[in-house]
Structure formats: C-alpha cells, structure tokens
Amino acid sequence: MRRGKAWRLLSTATAILLFSAICAHAAEEGGTASTQRANEIFKWINFAIVAALIAWVFLKLTPPFFRKNAETISSAISKASAAKAEAERQFREAEQKLARLEQEVAHSRATAQREMVTEAERLKAITQTDIEKVKLAAKAEMEAAERAARLELKTIASNLAVDGAESLLTTELTPQVQESLVAAFVKTLEGRPN
C-alpha cells in the first residue's frame with residue numbers, strides 16, 4: 001500500500017513538472033492567448049493539487065475521528081440497549097408484583113372478613129356471658145334484698161309483738177297481779193331442793 005502511495009506521489013510530481021515546463025515553453029513563445037490559457041490550466045492544476053491535499057488530509061485524519069465517533073455511538077447504543085433491557089425487566093417485575101399485590105389484597109380482605117366475623121361472634125359470646133353474669137348478679141342482689149327485707153320485717157314484727165306484749169302487760173299487769181306472780185314464783189322456789 002505504501003508503494004501505491006509513493007507511485008501516485010511520483011506521478012503527480014511528474015505531471016506538475018511537465019505542466020510547468022509546458023507553461024514555461026509557452027511563455028517563451030510569447031503568446032498572450034496561450035499564456036492566459038496556460039495560466040488558467042495552471043490554476044486548475046493548482047486547484048486540483050490543493051483539493052487533493054485537502055482530500056488527503058481529510059481522508060487521513062477523519063477516519064479515526066469517525067471511527068471513534070462510531071464507537072462512541074455504538075457504545076451508547078449498547079448501553080441504551082442494556083438500560084432498556086433492565087428497564088423492561090424491572091417493568092415486568094413491577095407488573096408481577098402488582099398482580100401479586102392484587103392477589104394479596106384480595107387474600108387480606110378475605111382474611112380480614114373472616115377475622116371480623118370471628119371477632120363479632122367472640123364479642124357476641126362475651127356479651128351473652130356478661131348478660132348472664134349481670135342477670136345472676138341481679139338475681140343474687142334481689143334475693144339478698146329480699147332476705148334483708150324479710151329480716152327487717154321479722155325485726156319489725158318482733159318489735160311490734162314486744163311492744164304489743166308490753167302494752168298488754170302494762171294494761172293487764174296491775175300491782176296486785178304482779179304481787180301474786182312474785183308470790184307464786186317464790187313458792188316454786190321454796191319447794192325445790194338446792
């Protein structure tokens with residue numbers, strides 16, 4: 001490949017020298033029209049040389065730049081592809097979690113419903129037990145109040161009986177009856193042996 005470039009460079013230099021010789025020869029002949037024509041040809045050759053140099057520099061320097069740019073773009077594409085794949089994976093995981101979440105919510109609702117029914121039954125049983133306890137306590141309290149009332153009634157009846165007996169005794173127990181009772185009591189005591 002270096003030989004190809006060397007030959008091209010040599011052929012270009014030869015063409016330039018040949019053209020310069022033709023231009024010099026035409027200038028010696030002194031023709032203005034041919035000189036102008038030679039100058040114009042020289043300008044085109046000059047333009048071609050400058051364009052070739054610019055093209056050579058462009059072709060020499062730009063491929064690494066474009067290659068580097070292509071590698072950067074390729075790297076960015078591969079990174080973007082990896083990021084897209086990761087995002088899609090995370091999206092699938094999120095969808096799966098969402099699907100499981102809906103199932104878990106349904107399961108939790110069912111469990112909460114069962115627990116609520118169980119708790120309501122337990123509270124109903126506790127309430128029924130408490131009602132029974134209150135009934136028993138009320139019955140016991142009523143029985144105790146009834147006993148207390150009967151005792152109080154007995155006490156009142158006893159007091160009334162004692163009061164009635166006392167008033168009866170005070171009306172019927174005159175001093176003479178008292179003396180006869182005492183005398184009879186004393187007689188019963190005398191007849192007893194000690």
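Which helix do K84 and E88 both lie in, and how many residues apart are they? They both sit in helix α2, four residues apart, or about one turn of the helix. The legends below come back to that pair, and every view is taken from a predicted model.

**View 1. The whole chain, an all-helix α-α-α run.** Three helices and zero strands make up the secondary structure here. Of the 194 residues, just 3% count as buried. The chain exposes about 17,300 Å², and carbon and sulfur atoms supply 65% of that area.

**View 2. W44 against F47, an aromatic pair in helix α2.** Search the whole structure and you get one aromatic pair. The ring centres of W44 and F47 are 5.9 Å apart and the planes meet at 85°, so this is an edge-to-face pair. Three residues separate the two along helix α2 (residues 32–172), about one turn of the helix. W44 is exposed, at 56% relative accessible area, and F47 is exposed too, at 53%.

**View 3. A nonpolar patch on the surface.** L53, W56, V57 and L61 make up this one, with about 420 Å² of accessible area together. Take L61 as an example: it belongs to helix α2 and is exposed, with a relative accessible area of 58%.

**View 4. K84 and E88, joined by a salt bridge.** Back to the opening pair, whose side chains meet at 4.0 Å, N to O. The structure holds five salt bridges, so to speak of the wider set. K84 counts as exposed at 52% relative accessibility, while E88 is partly exposed at 37%.

**View 5. R89 and its partners E86 and E93, one salt-bridge network.** On one side, R89 bridges to E86, with the closest N and O atoms 2.2 Å apart. Those two are three residues apart in helix α2, so about one helical turn lies between them. R89 also bridges to E93, and here the closest N and O atoms are 2.3 Å apart. R89 and E93 are four residues apart in helix α2, again about one helical turn. Shared partners are what tie E86, R89 and E93 into one network. Each member is partly exposed: R89 at 31%, E86 at 33% and E93 at 33%.

**View 6. Helix α3, residues 175–190.** This helix has 16 residues and reaches 23 Å from its first C-alpha to its last, close to the 22 Å expected at 1.5 Å a residue. The number of buried residues in α3 is zero, so the helix lies largely in the open.

Definitions and conventions:
Residues numbered from 1 in each chain as written. Predicted model: local features only at pLDDT ≥ 70, side-chain atom pairs only at ≥ 80, totals over all residues. Heavy atoms only, no water. Buried < 20%, exposed > 50% of the residue type's maximum accessible area, 1.4 Å probe, protein only. Areas by Shrake-Rupley, 256 points an atom, 1.4 Å probe, with all protein chains shown as cover. Phe/Tyr/Trp six-rings, centres within 6.5 Å; stacked < 30°, edge-to-face > 60°. Patch = residues over 30% accessible without salt bridge, like charges linked within 9 Å, V, L, I, M, F, W, Y side chains within 5 Å. Expected span 1.5 Å × (residues − 1).
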